Amino acid sequence: MNVLISACLLGFACRYDGQRKEYSAVEELLKERDIHLIPFCPEQGGGLATPRDPAERQGDAVRTQSGRDVTEQYHRGAAMALNLAQTFGCTVAVLKEKSPSCGSGRIYDGTFTRTLTAGDGVTAELLKKHGITVIGESQIKAFLANRAGK
Ligand code: SF4
């Protein structure tokens, strides 16, 4: 199966701060021979540079900490992610938790105080609207266990 994945989870240096990080949970995914991962970063895809100012959702808008409105870039990146997922027939996406693009279920609340609130990032929301199951990195183990139990 093809699975869309946030590029930063695979160690791409596409995070807002330009750093790369390792996520041990993803190693389990990489061991699955029948799972083909398709990495994508919607923020870069939408036209934002790396590194870039941190941004958070504020209602329907997305703004950087300095107040720049980047809503359009976030929507453009989300549309590209959806197009990629549909092109490769992905029914599942593994997306980085808490991100204003990729976060699913919980994201930062728009105050730039590291406060979490219920909600989805722009890309996660769009993928879900189109029937794609979005899981975060902390859910990978459960996802794989479910598959094994099938
Ligand atoms: Fe990672 Fe998504 Fe942020 Fe890109 S937009 S750095 S893929 S969390």
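Guide: Buried means under 20% relative accessible area, exposed means over 50%, and partly exposed lies in between (1.4 Å probe, protein chains only). You are looking at a predicted model, in which local features need pLDDT of at least 70, side-chain atom pairs count only at pLDDT 80 or more, and totals for chains, interfaces and linings use all residues. Residues are numbered from 1 along each chain as its sequence is written, while side-chain values use heavy atoms and leave out hydrogens and water.

Visitor: Why is Arg-147 called buried?

Guide: Arg-147 has a relative accessible area of 18%. That is under 20%, so Arg-147 is buried.

Visitor: And what makes Asp-34 partly exposed?

Guide: The relative accessibility of Asp-34 is 38%. This value falls between the two limits, so Asp-34 counts as partly exposed.

Visitor: How do you know that Arg-147 and Asp-34 form a salt bridge?

Guide: The term asks for a side-chain nitrogen of Lys or Arg within 4 Å of a carboxyl oxygen of Asp or Glu. For Arg-147 and Asp-34, the N to O distance is 2.6 Å, and the two side chains meet in a salt bridge.

Visitor: Why does this pair tie together parts that are apart in sequence?

Guide: Arg-147 belongs to helix α5 (residues 140–148), whereas Asp-34 is in the loop between α1 (24–31) and β2 (36–40), so the pair links parts 113 residues apart in sequence. Helices here are DSSP runs of H or I with at least four residues, and strands are E runs of at least two, numbered from the N terminus.

Visitor: What makes Lys-128 and Asp-120 a salt bridge?

Guide: Their N to O distance is 3.0 Å, so the pair passes the same test. Lys-128 is partly exposed at 33%, and Asp-120 is buried at 18%. Elsewhere, shared salt-bridge partners join Glu-32, Asp-34 and Arg-147 into one network.

Visitor: How many salt bridges does the structure hold?

Guide: There are 10. One of them joins Arg-15 and Asp-17, with the closest N and O atoms 2.8 Å apart. Arg-15 is buried, at 17% relative accessible area, and Asp-17 is partly exposed, at 28%.

Visitor: How do you know that β1 and β2 pair?

Guide: Pairing needs at least two DSSP bridges between two strands. β1 and β2 share 5 bridges in the parallel sense, so they pair. For example, Leu-4 has Ile-38 in β2 as its bridge partner. Strand β1 (residues 2–6) is mostly covered, with 4 of its 5 residues buried.

Visitor: What makes β3 and β4 a pair?

Guide: Strand β3 (residues 55–58) and strand β4 (residues 61–64) run antiparallel and are joined by 4 bridges. Gln-58 has Ala-61 in β4 as its bridge partner. The two strands form a hairpin with 2 residues between them, and Gly-59 in the turn has a positive phi of about 65°.

Visitor: Which residues are closest to the ligand?

Guide: They are Cys-8, Cys-14, Cys-41, Glu-43 and Cys-102, among 14 residues that surround the ligand. A residue counts as near if one of its heavy atoms lies within 4 Å.

Visitor: Why is Glu-43 called buried?

Guide: Glu-43 has a relative accessible area of 9%, so it is buried by the rule we began with. Glu-43 sits in helix α2 (residues 42–45). The C-alpha atoms of Glu-43 and Cys-14 are separated by 8.4 Å, though the two are 29 residues apart along the chain.
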